[in-house]
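Got your viewer open? Let's take a short walk, one selection at a time.

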Amino acid sequence: MRFAKKKARQYGVKITALQGNALDLSRFPDESFDTVFLMGPLYHLMNEESRIRAIQEAKRVLKPDGYLFSSFILMFGGVIYGLRELEETILMPREQQYFEVAAKDESLAFDAFTYSYMTTVRDAEQLLASVPGLKTETVFGQESILAPYKNELAKQPKKIRMAWYEYALRFCEKREYLTHTEHLMIVSKKDS
């Protein structure tokens, strides 16, 4: 919260920062916000009932025609991370269950770097579809095709980085490339 306030001051933006629980937004009346971001709860809530509850609460406080941004960590994103940052994990016996689940294109809640729910594109879309009154507007890979190359790209001059960022934007919503990223974003619109 301190970081958000500091950045708001830096950029001259007025904000009210509150800390709370995504499962209980009762401090806010129905239809309070034009936009709601679920950036974290859906990959740290370990059971589906809790994830559904967080989405229901977000939808409740969202105004009609408002937008819900729901972020997920993809199962294959963990493979990308391992390949890029911790290459030796492929040989670690304790990591084999993770790699097997990822290879089967399944979702899994487990204790990784923290308690995490890592999902497939299919399961993330089905989770959002299970809450009536939300319509998916778009689905995109947050890092797009650049996720595996994050470290190498950071070493490049700004002109090269910017050219790759622009190019990657062309892939971020293409379904066949959604698994080439670590984080998935689903943008939904609440019915009017």
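Before the first stop, one yardstick: a residue is buried if its relative accessible area is under 20%, exposed if over 50%, and partly exposed in between. Keep in mind that you're looking at a predicted model.

Start by selecting Phe171: at a relative accessible area of 12%, Phe171 falls under that 20% mark, so call it buried. Now add Tyr177, which is partly exposed at 29%. The two ring centres sit 4.9 Å apart with planes at 80 degrees, so Phe171 and Tyr177 make an edge-to-face pair.

Next, show helix H8, residues 158–169, and pick out Trp164 and Tyr167, 3 residues apart, or about one turn of the helix. Their rings are edge-to-face too, with centres 5.9 Å apart and planes at 80 degrees. Trp164 is partly exposed at 40% relative accessibility, and so is Tyr167 at 36%. Select Trp164, Tyr167, Phe171 and Tyr177 together and you have a cluster linked by ring pairs.

Hop over to strand S6, residues 183–190, and click Lys190. Buried or exposed? Lys190 is buried, with a relative accessible area of 10%. Beyond its neighbours within four places in sequence, its contacts include Glu31, Lys59, Asp65 and Leu134.

Last stop: helices H4 (residues 75–85) and H5 (residues 96–103), packed at about 125 degrees with axes 9 Å apart. That angle makes H4 oblique to H5, and their crossing is left-handed. Zoom in on the contact, where Met75, Phe76, Gly77, Gly78 and Val79 of H4 meet Tyr98, Phe99, Val101 and Ala102 of H5. Colour these by type and you'll get 7 nonpolar, 2 polar and no charged residues.

Technical notes
Residues are numbered from 1 along each chain as its sequence is written. This is a predicted model: local features need pLDDT of at least 70, side-chain atom pairs count only at pLDDT 80 or more; totals for chains, interfaces and linings use all residues. Side-chain values use heavy atoms; hydrogens and water are left out. Axes are lines fitted to C-alpha atoms, for helices over the stretch in contact, and angles run from 0 to 180 degrees between N-to-C directions. Helices (H or I, at least four residues) and strands (E, at least two) are DSSP runs, numbered from the N terminus. Angles under 35 degrees count as roughly parallel, over 145 as roughly antiparallel, 65 to 115 as roughly perpendicular and the rest as oblique. A crossing is left-handed if the near helix is turned anticlockwise from the far one by less than a right angle, and right-handed if clockwise. Contact means heavy atoms within 4.5 Å. Ala, Val, Leu, Ile, Met, Phe, Trp, Tyr, Cys and Pro count as nonpolar, Asp, Glu, Lys and Arg as charged, and the others, Gly among them, as polar. Buried means under 20% relative accessible area, exposed over 50%, partly exposed in between (1.4 Å probe, protein chains only). Rings of Phe, Tyr and Trp (its six-membered ring) pair if their centres lie within 6.5 Å; planes under 30 degrees apart count as stacked, over 60 as edge-to-face and the rest as tilted.
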